[in-house]
Every structure is written in structure tokens, then in C-alpha cells.
Amino acid sequence: MAPKKRPNMEQPSTRVTRSSTRNGNSKPISSDPEPPKPKRVKKTPISKDKPEVKATVESGSTGSKGIVVEHCTQCRQFKIRAVKVKEELENGVPGLEVWVNPEKPRRGCFEIRVGGENGEKFVSLLGLKRPFGPMKALDMDKVISAIIEKIK
């Protein structure tokens, strides 16, 4: 059984087919199409903000008694040792501030130093490659106790 036709349905007059364009029966297309929207431009951060942030970190670390622990983020062995050093130093010396990676760390680096980049270095292991033998050979308890003695 064939479907029933709907009564009084008007066909839209805006439909354009190939045959109607040949005959010239189609309606003219609007001559003013909408102009394209302008592309969004990404806002670049103002370069003045970054030096100010670095200056506050440096001034805070050099002005007060503080230790910086810089560790590489490629392996969690670095992080385990850095967190241990931080906790032990904060418990061992009251009022001591310890910062872990205040800036982007170097690759294969484990360094414990007095605040600032030019401060006294207690431990400096740079350019370590897997399996990080020199870092794993360190007795962290002895290192931490030696740092506490130097600070006091």
C-alpha cells in the first residue's frame, strides 16, 4: 500500500535544483552574503610579569634563611629523595624554609643549595643518566645531618 499524500502541503519555493537553474526559474541568490567573522587572536602574556615573579622568588629566598632542593622530574627517585630532604630539614631546623623546584629544574639534576642560584652547594649531581648510580649511592641521612650542622 502506498503512503498517503498530505493535503495542502506547499513545497518550499527556495529549493534550487539543477533543472530550475537551467530554465532561469530560480530565485536570485542574495548578492550580499554575510562577511566572515574575524579570527580570534591569542593574547600573549605580558613579558613584564615573568621577571617580577622570578624577582620575588629570588628576593624571598636570599633575604631569609632558606634551602633550595632542585630535582629532575623524569624519574620519581629524584622526587622521593627531594621530599625526604625537605621534611628532614624542616623538622631538624625550626624556622628554615625549604623550596623544592622553585624554577624549572634541569634534566638529570639533583642539587641541594642555599637559596638562590649562586648560593653554597651542599650536594650537586648534574647530568645524571639512568640508573642514577651516584644519586642512589648517597646516604641521605648523612647528607641531611651534615647540612643541618652547617646551617646551625
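Me: In this predicted model, which residues of the largest nonpolar core touch the most other members?
Reply: Good place to start! The largest nonpolar core holds 25 residues. β1, α3, β3, β4 and α5 each supply at least two residues of this core. Those that touch the most other members are I67, V69, F78, L89, F110 and I112.

Me: Which element gives the largest share of this core?
Reply: Let's look at who contributes. Among the elements supplying at least two residues each are β1 and α3. The largest share is 6 residues, and the element it comes from is α5.

Me: Why do the buried residues of α5 lie on the same side?
Reply: In an α-helix there are 3.6 residues a turn, so residues three or four places apart point the same way. The buried residues of α5 are M140, V143, I144, I147, I148 and I151. They are on the same side of α5 because they cover an arc of only 135° around the axis.

Me: Which exposed residues does the face of α5 turned away from its buried side carry?
Reply: Picture the two sides of this helix. The buried residues of α5 are covered by elements including β1, α3, β3 and β4. The face turned away from them carries the exposed residues K142, E149 and K150.

Me: How many residues apart in sequence are the parts tied together by the pair of F78 and F132?
Reply: A search of the whole structure finds 1 aromatic pair. F78 and F132 form this edge-to-face pair, 4.8 Å centre to centre with 70° between the planes. F78 lies in helix α3 and F132 in the loop between β4 and α4, so the pair ties together parts separated in sequence by 54 residues.

Conventions
Residues numbered from 1 in each chain as written. Predicted model: local features only at pLDDT ≥ 70, side-chain atom pairs only at ≥ 80, totals over all residues. Heavy atoms only, no water. Buried < 20%, exposed > 50% of the residue type's maximum accessible area, 1.4 Å probe, protein only. Helix = DSSP H or I, 4+ residues; strand = E, 2+ residues; numbered from the N terminus. Arc of directions from axis to C-beta. Contact = heavy atoms within 4.5 Å. Core = buried A, V, L, I, M, F, W, Y, C linked by side-chain atoms within 4.5 Å. Phe/Tyr/Trp six-rings, centres within 6.5 Å; stacked < 30°, edge-to-face > 60°.
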